[in-house]
Amino acid sequence: MKNLVRCLGLLKALALALLVLASVITPSVLANQSQKSTTLDSTTTLQSIIANDHRSPANRERDKYRHPAETLEFFGLRPNMTVVELWPGNGWYTEILAPFLADKGQLIVTNFAPNDSKQPSVIFQQKLALAFQQKLEANPEVFGKVKVAQIHPPKELTLAPDNSVDMVVTFRNIHNWVGAGYADQVYAVAYKALKPGGILGVEEHRAKPGTSLEESIKTGYMSQDGVIAAVEKAGFKLVSKSEINANPKDTKDYPSGVWALPPTLRQGQKDRERFLAIGESDRMTLKFIKPKIAVNSRTSDSN
């Protein structure tokens with residue numbers, strides 16, 4: 001009997017010690033868990049991907065200007081889509097699209113094919129291409145399922161098989177295409193790659209009404225009406241316009257064009273605080289559709 005009492009006493013003491021230990025350890029364990037990255041899987045939401053620390057603090061700081069969740073939701077992005085991202089640059093949007101589409105969909109990104117040209121613009125493109133490819137390879141958990149379509153515009157510009165893609169997106173690229181002389185070709189290949197009913201999502205620096213094409217190429221600000229007309233000329237139809245990425249503080253009259261503003265800040269320290277106060281550029285956000293093939297009423301007329 002004495003042994004039984006002694007055992008019960010030991011068990012009570014052990015239980016009490018475990019409770020005290022748990023009360024001390026739990027807060028620190030929870031704190032450490034809160035610092036871990038969100039696991040990127042089929043249950044991950046767009047918002048949690050955007051907040052995840054696989055994105056650099058500098059990239060997340062730009063969310064207040066670029067509104068990625070609102071922009072992608074406006075385009076109609078869904079996790080089971082096949083999406084082409086045109087000219088992804090350093091992969092700012094790729095960091096969001098890749099994990100969101102990894103489980104049920106497919107992300108295809110363009111990247112410049114190797115080229116030994118000595119032209120400064122081509123050398124610059126090749127540096128971007130190498131850096132972007134290294135970024136993809138360095139983080140297979142995030143980018144391992146991304147497909148790369150190598151392009152060499154205007155000679156090589158194939159995105160995907162015809163009628164195979166649900167959505168094509170482009171962010172602040174049109175001014176470069178227009179300046180290079182192959183914007184219409186890009187719209188044409190995007191149209192071919194998209195399924196009937198597929199979406200083309202466009203974000204671009206927006207010029208003041210009446211800005212000439214020459215001035216747009218110089219400053220980087222494009223006419224919204226001009227962009228709509230050019231895209232619709234390729235066969236697309238405008239579905240909707242959004243002011244998600246509008247910035248009324250952008251006066252669009254800087255000697256360095258749009259590149260005076262963040263993130264480029266081309267003028268260095270000159271007027272830096274002024275440009276930081278303005279923020280990133282005023283941008284159009286446009287949603288186009290590749291129309292489904294209409295049934296000819298004459299052929300379906302029973303009369």
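## Aromatic contacts and the largest pocket

Both Trp92 and Tyr93 are buried in this structure, which is a predicted model. The two rings form an edge-to-face pair, because their centres are 5.0 Å apart and their planes meet at 65 degrees, above the 60 degrees that this class requires. Trp92 and Tyr93 also belong to a cluster, linked through ring pairs, that includes Phe74, Phe75 and Phe171.

The count of aromatic pairs comes to 10. One of them joins Trp87 and Trp177, again in an edge-to-face arrangement, and this pair links distant parts of the chain, since Trp87 lies in the loop between S1 and helix H6 (94-101) while Trp177 lies in helix H9, 90 residues apart. Trp87 and Trp177 are each buried.

Charged side chains also sit over aromatic rings, as the table sets out.

| Charged residue | Ring | Distance to ring centre |
|---|---|---|
| Arg66 | Trp92 | 4.4 Å |
| Lys290 | Tyr191 | 4.8 Å |

The largest pocket holds about 1,100 Å³ of space, and of the 40 residues that line this pocket, Leu128, Arg172, Asn173, His175 and Asn176 are the closest to its centre. At least two lining residues are supplied by each of strand S1 (82-86), strand S2 (106-112), helix H7 (120-138) and helix H9 (174-180), with H7 giving the largest share, 6 residues. By residue class, the lining of the largest pocket consists of 20 nonpolar, 14 polar and 6 charged residues. Helix H9 thus appears in both parts of this account, as a contributor to the lining of the largest pocket and as the helix that holds Trp177.

Note on methods:
Residues are numbered from 1 along each chain as its sequence is written. This is a predicted model: local features need pLDDT of at least 70, side-chain atom pairs count only at pLDDT 80 or more; totals for chains, interfaces and linings use all residues. Side-chain values use heavy atoms; hydrogens and water are left out. On a 1 Å grid over the protein atoms alone, a cavity is a set of points where a 1.4 Å probe fits but cannot get out, and a pocket is an open set with protein on both sides within 12 Å along at least five of seven lines; lining residues have an atom within 4 Å of a point. Grid points are joined across faces, edges and corners, and a volume is the space filled by probe spheres set on the points. Helices (H or I, at least four residues) and strands (E, at least two) are DSSP runs, numbered from the N terminus. Ala, Val, Leu, Ile, Met, Phe, Trp, Tyr, Cys and Pro count as nonpolar, Asp, Glu, Lys and Arg as charged, and the others, Gly among them, as polar. Rings of Phe, Tyr and Trp (its six-membered ring) pair if their centres lie within 6.5 Å; planes under 30 degrees apart count as stacked, over 60 as edge-to-face and the rest as tilted. Buried means under 20% relative accessible area, exposed over 50%, partly exposed in between (1.4 Å probe, protein chains only). A charge sits over a ring if NZ of Lys or CZ of Arg is within 6 Å of the ring centre and within 35 degrees of the ring normal.
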